[in-house]
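I opened the notebook to look up how some of the helices pack and how some of the strands pair. My entries follow the structure below.

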Amino acid sequence: MRRFAPLLLLLAAPASAALDISASVNRNSVAINEQLVLTLVVAGDQSNLPPPQLPSMPRFNVHNAGRSTNFSFVNGRISSSVQYTFVLVPRLIGNAVIPPISVSNGREQAQSQPIQVTILRPEATPPASSAAPARAAPQPRGSRAPARARPGSESQAPDMYVTAEIDKSSPYVNEQTILTVRFHTAVRLLGNAEWAEPVTNGMLTEDLPPGPHSEKTHEGRRYMVSEIRMALFPIQPGKLQIGESTIKTRVARNRSVDPFAADFFQQFFSQGIGSEVQVLKTRPITLTARRLPEAGKPSGFTGAVGKFTIDAEADRSSAKVGDAINLTLRVEGRGNLKAIGDLELPPLDEFRAYEMVGSLNQAKDADGVTGSKVFKTVLTPKVSGTLTLPAIPFSFFDPDTGRYRTVKTKPLEFSVEPGDAAAAPAPISFGAAVNGGGQITTVTEDIRYLHNQLRPSAQTRWASLVASAGSLTVFPAFLFIGSLGWSFYRDRQLQDPVGARRRGAIGRARSLAREARSAPDPASAAAKLSDALSGYLGDKLDRSASGLTLKEAQEALKSRNPGAPEGHLDQLRRVWRELERIRFAPSQSGDATSSGLADCVRELIDALEEDFKA
Amino acid sequence: MIRLACLILAATAATAQETRRVTPEEAFHEAAVHYEASRFSEAAELYGQTAEFVPDSASAHYNLGNALLRRGTPGSLGLAIASYSRAFQLSPRDPDIRHNLSFALKRAGEELIPAGTPPVFWKAYRLLSITELKALFFLSLWGALLLATLWTVRVEWRERLRSPLTISLTLWLAAAGWWGSRTATGLRNPAVVVLAGAEVRSGPGTAFPVGFKVPEGRRVSRLGGNKNQWVEIGVPKEGLKGWIESDALEPI
């Protein structure tokens, strides 16, 4: 029961407290040659909990014996606790107080209650004295005799040595293996020994409580033996090495007083007793981790190795349809509890099961890690009657037998009554209510279920396509700008028809001249060119082209542009008459050609255009 | 498209870690199988890969949010809110997405619809996604430009074109105003805090004192500052600014 005291403290830690610390000891009175185990539990709602600050305890030698961490996740929130174990070795007889121990995370501070401890005289019969030889051996605890230097001592046995051993040399993957480091000392220690954990690649480790102090005779010398234990869990098959463990301590040494030494006075007042740091190391150990067999592996196996039991418990055996039933599944046993995966409920037609949340509760003893993993969920009956929750299996590998085992919970029976008229989930009806109507009662609020259509709808795809094609706006924009230009041109034409006719004259004349160039004979070409010339002059002078005579044209040109060169008017007269001659007397066309005539007219029109622009 | 048609997605089965060639649809449905078997971590991984390859799928983001919320590990709530927010941006009229986003925000101590805002107005204002508003803006603009072109060119059609042109111009102006308003009033470069009690400091580094703490799931705005894995954020509701480690943020 005492073993579970820290566990109970863990469970009793208030969930709402952000930071909390509690301290307990395994006994309130202790003999001077015994030891006391101090357990500190730091709990909080953060993942990185700060370590406690140990106050000065002059009546004890304090040894750190490891720590363990527990996590639980509920509704996305983490709560954790760290358990620190210290071994206190009494130094003075009398009443001692373990003062309040504080912990702080920078924002909050928590403090434990002080603990009264009575340190008694040692019992008359010292432990293990019956097996010890008669030779007086130095007592590390309480003995004030200085350790003697080995050279010149009466025995060749060392003052102190350390050993390491494992209880299994070829464990299975995830099987618990205990590493025991024994520290033997036959001399008085000054201060606390410091232990450095070995490097354990390929293994998970858990600190275990220290073993009991004992005495041992080795090569005729008595030693006090302290044990440090660790649980190792190989996480991969093959050869794995446990590195060397190191113990560093300070021991007393006799020294002769040298009158010429620089620290003569210090040596003199310390009565020739000095200290020396001793570092002891163990040899590395190699173990061979075996792969778990594939044969007989159950489908629901998630990696648990050890010995486990499972039980199920409901907070009620009778309920109404829609009521919440709290179901607790507890996997308990010895092994690496952290390797236990989530439990799965079998398919339930008569219940609705909600999300399962798990929490880990670990305890440690000299034989390794033990404890439980608790899974909690809520079931709501869908129908009334006597409902049975079937047995829930849990599979693990038993390393002692080398086989997989599946344990099951007992089936649970529930007596379910129909729900209240107001509370029962009434069927949803359409149209008029045939049963007087019913109300839907929310049992619990939860997220809605998955969607099963991956691709977005056609509407969404079209929207994405259009939204990404914004640059295409330039096309309708240019179209609109073009239409504005065209509209401006058109309006200008409508508002000034004479000007429009004048501006278009050269284009039309040139077009007719191009056509005349390909005329079959000079007469036809002359007819077209005559039309082009009279049309050009008619457009420019705002006259009717058909009734325009050479004389009228010349007069109009003179009156419009008095500074026009006379040569242009002579050229007009010559071309005009030549065209009429060829047009009306084709036989007198001579060697005139269509292209030649067209070039003449084109040249004349260009010259006149220059005059009009001037 | 080839990449979408033939993806290499790592199917992270709990027991066998082998790489398989699956399409996003197969990964999507395989994730649903994991989800139904309460293997939420595996489901979240596959939904995450699906959402990465089909980023315009609101369902992929929505289902990813569900798997993350069910997984319940530290940081999952913030990541779930980020996923739901992405889904909501893509499909604001989907009632399931709105419900689950509201549910997750309540867990984080926030409300989807700000207090004092009539839900009808809030829903109407967010009836269309930003993408749909952009599409409406461009469609109405194109329509207005084409109709205006016809109006200019064909004088005899002007009477018939008057109503359609007025409608398209009104739509264009409304879409522009709506889009601009949504962009101006929403969080700029939004992100979600994915670390419980994330510390926000007055400068980019641990040498600066902690100014305030932001709970997991709170939506914040990234202000642009980015130095040595520290990001400058703003919390508009409280009017606070500060620097936070980039690992504590999940961009939406």
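**Helix packing**

I began with the handedness of one helix pair, and in this predicted model the crossing of α5(A) and α9(A) is left-handed. I then looked up which residues make that contact: on the side of α5(A) they are A:I506, A:A509, A:R510, A:A513, A:A516 and A:R517, while α9(A) brings A:S594, A:S595, A:L597, A:A598, A:V601, A:R602, A:I605 and A:E609. Sorting the contact of α5(A) with α9(A) by class, I noted eight nonpolar, two polar and four charged residues.

For the geometry, I recorded that helix α5, residues 497–517 of chain A, and helix α9, residues 594–613 of chain A, pack at an angle of about 170°, with 8 Å between their axes. Because angles over 145 degrees count as roughly antiparallel, I entered α5(A) and α9(A) as roughly antiparallel to each other.

**Strand pairing**

Next I turned to a sheet in chain A, which is open, has three strands in the order β2-β9-β6, and shows mixed pairing. Its edge strands are β2 (29–31) and β6 (94–98) of chain A, each of which pairs on one side only. I also noted that neighbouring strands of this sheet are turned by 30° against each other on average, with direction ignored.

Which sense of pairing do β6(A) and β9(A) have? I found that β6(A) and strand β9, residues 115–120 of chain A, pair in the antiparallel sense over five bridges. As a position to look at in the model, I wrote down A:N95, which stands opposite A:T118 in β9(A).

Note on methods: Residues are numbered from 1 along each chain as its sequence is written. Chains are lettered from A and ligands numbered from 1 in the order in which they are written. This is a predicted model: local features need pLDDT of at least 70, side-chain atom pairs count only at pLDDT 80 or more; totals for chains, interfaces and linings use all residues. Axes are lines fitted to C-alpha atoms, for helices over the stretch in contact, and angles run from 0 to 180 degrees between N-to-C directions. Helices (H or I, at least four residues) and strands (E, at least two) are DSSP runs, numbered from the N terminus. Angles under 35 degrees count as roughly parallel, over 145 as roughly antiparallel, 65 to 115 as roughly perpendicular and the rest as oblique. A crossing is left-handed if the near helix is turned anticlockwise from the far one by less than a right angle, and right-handed if clockwise. Two residues are in contact if their C-beta atoms, placed from the backbone, lie within 7 Å. Ala, Val, Leu, Ile, Met, Phe, Trp, Tyr, Cys and Pro count as nonpolar, Asp, Glu, Lys and Arg as charged, and the others, Gly among them, as polar. Two strands pair if DSSP finds at least two bridges between them.
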